[in-house]
Amino acid sequence: MKRLIESQRAALALFANLAVSAVAYLVAFWLRFDFRIPPGLLTVVYYTLPVVMVLQYAAFHMFKLTRGWWRYVGLADFLNAAKAAAAGTLGLASYVFILYRESFYPRSIFLLYPMLVVGLSIGARLAVRLWRQFPHMREGRKRILIVGAG
């Protein structure tokens with residue numbers, strides 16, 4: 001049973017990290033173009049999105065953000081998220097400059113994307129921490145006191 005719960009948590013963490021990178025990338029483009037991405041650039045976004053997700057997940061893994069207890073998030077996690085965002089953006093920039101040299105690619109994405117990755121990844125971890133830290137705010141739980149244990 002414990003192994004099943006751990007595998008479910010790992011799958012949820014994988015999904016959350018991939019979602020953070022995808023949402024940050026799409027929102028960066030939406031912000032850059034005032035929520036109206038030009039149709040010609042949409043194909044570039046859709047072709048680069050899977051690469052962005054893989055590169056960012058690899059950066060998260062390199063800086064140990066794919067494992068651990070999200071309820072104990074702290075300053076070290078913030079610094080690792082900033083490093084992972086920088087590494088993922090560097091990988092993205094390399095990919096874009098090598099393969100999309102001839103087409104238009106907005107350079108402002110390289111500034112917006114890492115800020116959104118850090119904000120969303122730390123925001124998700126802080127949300128988990130707040131949810132775990134304040135159990136009295138969740139409905140349907142009864143508080144108990146165990147006397148004589150230990």
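This report walks through the fold, the core and a few individual residues of a predicted model.

**The overall picture**

Let's start with the chain as a whole. It holds 4 helices and 0 strands, so read from the N terminus the elements simply go α-α-α-α. Of its 150 residues, 31% are buried. The accessible surface adds up to about 10200 Å², and carbon and sulfur atoms account for 68% of that. How do the contacts spread along the sequence? Take the contacts between residues at least 6 apart in sequence: 77% of them link residues at least 24 apart.

**Two helices, checked by length**

Helices H3 and H4 lend themselves to a quick sanity check. H4 covers residues 109-133, and its 25 residues should span 36 Å at 1.5 Å a residue; the C-alpha atoms at its ends sit 35 Å apart, which agrees. H3 also has 25 residues with an expected span of 36 Å, and its end C-alpha atoms are 36 Å apart, so that agrees as well.

Which residues of these helices are buried? In H3 they are Asn80, Ala81, Ala84, Ala85, Gly88, Thr89, Leu92, Ala93 and Val96. In H4 the list runs Ile109, Phe110, Tyr113, Pro114, Val117, Val118, Ser121, Ile122 and Arg125. The spacing in such lists is easier to read with one rule in mind: an α-helix has 3.6 residues a turn, so residues three or four places apart point the same way.

**The core**

Nonpolar side chains tend to be buried together in soluble globular proteins. Here, the largest nonpolar core has 30 residues, and the ones with the most contacts inside it are Tyr25, Phe29, Leu92, Tyr105, Ile109 and Tyr113. Helices H1 (2-32), H2 (39-62), H3 (75-99) and H4 each put in at least two residues. H2 gives the largest share, with 7 residues.

Phe29 is a good place to look around. Setting aside residues up to four places away in sequence, Phe29 touches Ile37, Leu41, Val45, Tyr105, Pro106 and Ile109.

**Two buried residues of H2**

Next, have a look at Gln56, which is part of helix H2. Is Gln56 buried or exposed? Its relative accessibility is 0%, so Gln56 counts as buried. Beyond its neighbours within four places in sequence, Gln56 is in contact with Ser21, Ala84, Ala85, Gly88, Thr89, Tyr113 and Val117. Several of these partners turn up in the buried lists above, including Ala84 and Gly88 from H3 and Tyr113 and Val117 from H4.

Leu49 is in H2 too. With a relative accessible area of 14%, Leu49 is buried, because the cut-off for that is under 20%. Apart from neighbours within four places in sequence, Leu49 is in contact with Ala22 and Tyr25. Tyr25 has already come up, as one of the residues with the most contacts inside the core.

**Far in sequence, and how far in space**

The table sets out three pairs by their separation along the chain and their C-alpha to C-alpha distance.

| Pair | Separation in sequence | C-alpha distance |
|---|---|---|
| Gln56 and Ala85 | 29 residues | 7.1 Å |
| Leu49 and Val23 | 26 residues | 9.8 Å |
| Lys83 and Val118 | 35 residues | 9.1 Å |

Lys83, from the last pair, belongs to helix H3. Its relative accessible area is 45%, so Lys83 is partly exposed.

**On the outside**

Trp30, Leu31 and Phe35 make up a nonpolar surface patch of about 330 Å². One of them, Leu31, is in helix H1. Leu31 has 39% relative accessibility, so it counts as partly exposed.

**Two loop residues with positive phi**

Most residues other than glycine have a negative phi. Which way do Asp34 and Lys64 go? The phi of Asp34 is near 55°, a positive value in a residue other than glycine. Lys64 is not a glycine either, and its phi is positive at about 60°.

Asp34 sits in the loop between H1 and H2, while Lys64 is in the loop between H2 and H3. Asp34 has a relative accessible area of 55%, which means that it is exposed. For Lys64 the relative accessible area is 52%, so Lys64 is exposed too.

Note on methods:
Residues numbered from 1 in each chain as written. Predicted model: local features only at pLDDT ≥ 70, side-chain atom pairs only at ≥ 80, totals over all residues. Heavy atoms only, no water. Expected span 1.5 Å × (residues − 1). Buried < 20%, exposed > 50% of the residue type's maximum accessible area, 1.4 Å probe, protein only. Core = buried A, V, L, I, M, F, W, Y, C linked by side-chain atoms within 4.5 Å. Contact = heavy atoms within 4.5 Å. Patch = residues over 30% accessible without salt bridge, like charges linked within 9 Å, V, L, I, M, F, W, Y side chains within 5 Å. Areas by Shrake-Rupley, 256 points an atom, 1.4 Å probe, with all protein chains shown as cover. Salt bridge = Lys/Arg side-chain N within 4 Å of Asp/Glu carboxyl O.
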